[in-house]
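Biologist: I'd like to go through this model with you and ask why each label is used. Shall we look at it together?

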Amino acid sequence: MHLDRITLHHLRMPLVAPFETSFGRITDRECILIEVRSEGLIGWGECVADRDPGYAYETTGTAWHILTEFLVPAILDQDVAGPADFQARVSQVRGHLMAKAGLELALWDLLGKRAGKSLRELLGGTRDRVDVGVSVGLQASPAALVETVGRYLAQGYGRIKIKIKPGRDIGDAEAVRRAFPDIRLQVDANSAYTLETAPALRPLDDLALLLIEQPLDEDDIWDHSKLQAQFRTPICLDESILSARHARQALEMKSCQVINIKAGRVGGLTEAVAIHDVCRAAGVPVWCGGMLETGVGRAGNLALASLPGFTLPGDISATERYYAEDVTEERFSLNPDSTIRVPDGVGLGITVSEDAVTRFTVAMARFLS
Ligand code: OSB
Ligand code: MG
């Protein structure tokens with residue numbers, strides 16, 4: 001497909017409630033929407049890098065730079081066969097996986113629109129609804145956390161993830177477990193511990209958690225294997241897994257028993273599917289992580305989570321959990337059985353509202369062939 005025009009939209013979207021993790025607190029989510037025009041069709045992608053380098057080193061600023069200077073020039077006014085061809089053309093750009101993933105998603109959307117197929121069909125997804133949960137940020141106190149969790153349970157979420165950090169770990173998790181003895185519960189530390197401080201998490205082993213997500217450094221795989229040996233609860237890696245090679249090595253080292261897959265973190269859906277395949281062949285469950293995406297990225301996550309190896313609920317919540325107003329005309333809602341429907345329209349299966357995009361835009365750049 002000939003790529004005629006590429007537009008970058010830097011958005012700032014107000015969240016319905018602040019989101020706090022071990023690396024910071026945000027009230028607005030920033031991202032870059034990527035619009036690619038090809039032969040009369042438009043494809044949309046979302047780059048999930050946030051304003052601050054707290055979760056990963058990439059930011060909206062670094063992604064803007066890499067897209068503008070390297071990725072867009074590599075494909076603009078060229079005939080690009082699809083996502084695999086795109087990855088080959090940008091293989092000389094090291095790292096910057098979120099920038100690459102955003103552009104790759106727009107090409108997947110275009111590919112689906114050209115072929116008259118949904119993204120789910122293109123990826124080989126086998127379900128039309130996927131199991132989901134909600135990721136709950138740090139709250140003011142354990143009591144406030146229990147109340148917030150109770151509200152999400154009442155809305156129908158069947159799996160809860162809470163964020164933890166040193167000083168806000170055992171007490172928070174015990175309070176939620178005591179209030180809700182039977183729920184599916186897991187925790188996410190976002191790399192807030194070291195091999196020296198993580199043994200403080202030992203009491204979590206008695207709370208029947210589904211998993212403990214990313215306790216140690218974002219660039220570590222080896223020390224996680226030492227930690228996993230000390231816990232019965234499965235460790236799940238998020239930040240540490242940037243490729244299918246990392247996934248294979250983590251499984252060989254027994255660093256984790258579960259992997260959280262985010263297309264943005266690993267450079268796009270092509271690599272995300274490769275990680276899924278590695279884990280599935282090894283009998284290791286995976287689930288789809290989230291980055292507080294707009295409807296564009298959320299549609300991509302739903303399609304990814306429809307693959308057969310995604311056997312644990314994803315961090316893919318209803319639109320209203322994130323945004324009072326979204327950039328897509330479609331709003332995703334939670335079914336009573338804690339599932340969300342996978343879009344079945346062509347490509348991502350969503351319609352972007354130009355109006356909403358304009359309202360949330362803080363910067364825009366357009367590249368013409
Ligand atoms: O670590 O999974 C994470 C949000 C932003 C950055 C990192 C993470 C998260 C979440 C939210 O946990 C998941 C979501 O609902 O999108
Ligand atoms: Mg995480």
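Modeller: Gladly, and one definition will help at the start: helices (H or I, at least four residues) and strands (E, at least two) are DSSP runs, numbered from the N terminus. This is a predicted model, in which local features need pLDDT of at least 70 and side-chain atom pairs count only at pLDDT 80 or more, while totals for chains, interfaces and linings use all residues. Residues are numbered from 1 along each chain as its sequence is written, chains are lettered from A and ligands numbered from 1 in the order in which they are written, and side-chain values use heavy atoms, without hydrogens and water.

Biologist: Which element gives the most to the lining of the largest pocket?

Modeller: That is β2, with four residues. A pocket is an open set of points on a 1 Å grid over the protein atoms alone, with protein on both sides within 12 Å along at least five of seven lines, and lining residues have an atom within 4 Å of a point. The lining has 31 residues, and those closest to the pocket's centre are Phe19, Phe23, Tyr55, Met291 and Leu292. At least two lining residues each come from β1 (5–21), β2 (24–38), β6 (159–163) and α11 (319–322).

Biologist: What is the volume of the largest cavity?

Modeller: About 130 Å³, where a volume is the space filled by probe spheres set on the points, joined across faces, edges and corners. A cavity is a set of points where a 1.4 Å probe fits but cannot get out. The whole structure has one of 30 Å³ or more. Two or more lining residues come from each of α3 (97–115) and α10 (295–304), and α10 gives the most, with three.

Biologist: What makes Asp188, Glu213 and Asp238 donors of the magnesium ion (ligand 2)?

Modeller: Donors are N, O and S atoms within 2.8 Å of the metal (3.2 Å for Na, K and Ca). Here Asp188 (OD), Glu213 (OE) and Asp238 (OD) coordinate the ion at 2.1 to 2.3 Å, so they meet that cut-off. Water is not among the atoms, so the site may look incomplete. Along the chain, the donors follow the spacing D-x24-E-x24-D. Asp188 lies in β7 (residues 184–188) and Asp238 in the loop between β9 (235–237) and α8 (244–252), so the pair ties together parts 50 residues apart in sequence.

Biologist: Why is Asp188 called buried?

Modeller: Buried means under 20% relative accessible area, exposed over 50%, and partly exposed in between (1.4 Å probe, protein chains only). Asp188 has 1%, so the label buried fits. Asp238, at 0%, is buried too.

Biologist: Lys254 has which label, buried or exposed?

Modeller: Exposed, because its relative accessibility is 61%. Lys254 sits in the loop between α8 and β10 (258–261), and its phi is near 60°, a positive value in a residue other than glycine.

Biologist: Which residues touch the most other members of the largest nonpolar core?

Modeller: Among its 86 residues, they are Val149, Ile160, Ile162, Leu204, Ile259, Ile275 and Val296. Such a core is a set of buried Ala, Val, Leu, Ile, Met, Phe, Trp, Tyr and Cys residues joined through side-chain atoms within 4.5 Å. Another core, of 31 residues, lies apart from it and includes Tyr55 and Phe86.

Biologist: How is the protein divided into domains?

Modeller: Into domain 1 (5–116 + 350–368) and domain 2 (121–341), with bounds from an automatic or database domain assignment. Their C-alpha centres are 23 Å apart. Contact means heavy atoms within 4.5 Å, and it takes 38 residues from domain 1 and 45 residues from domain 2.
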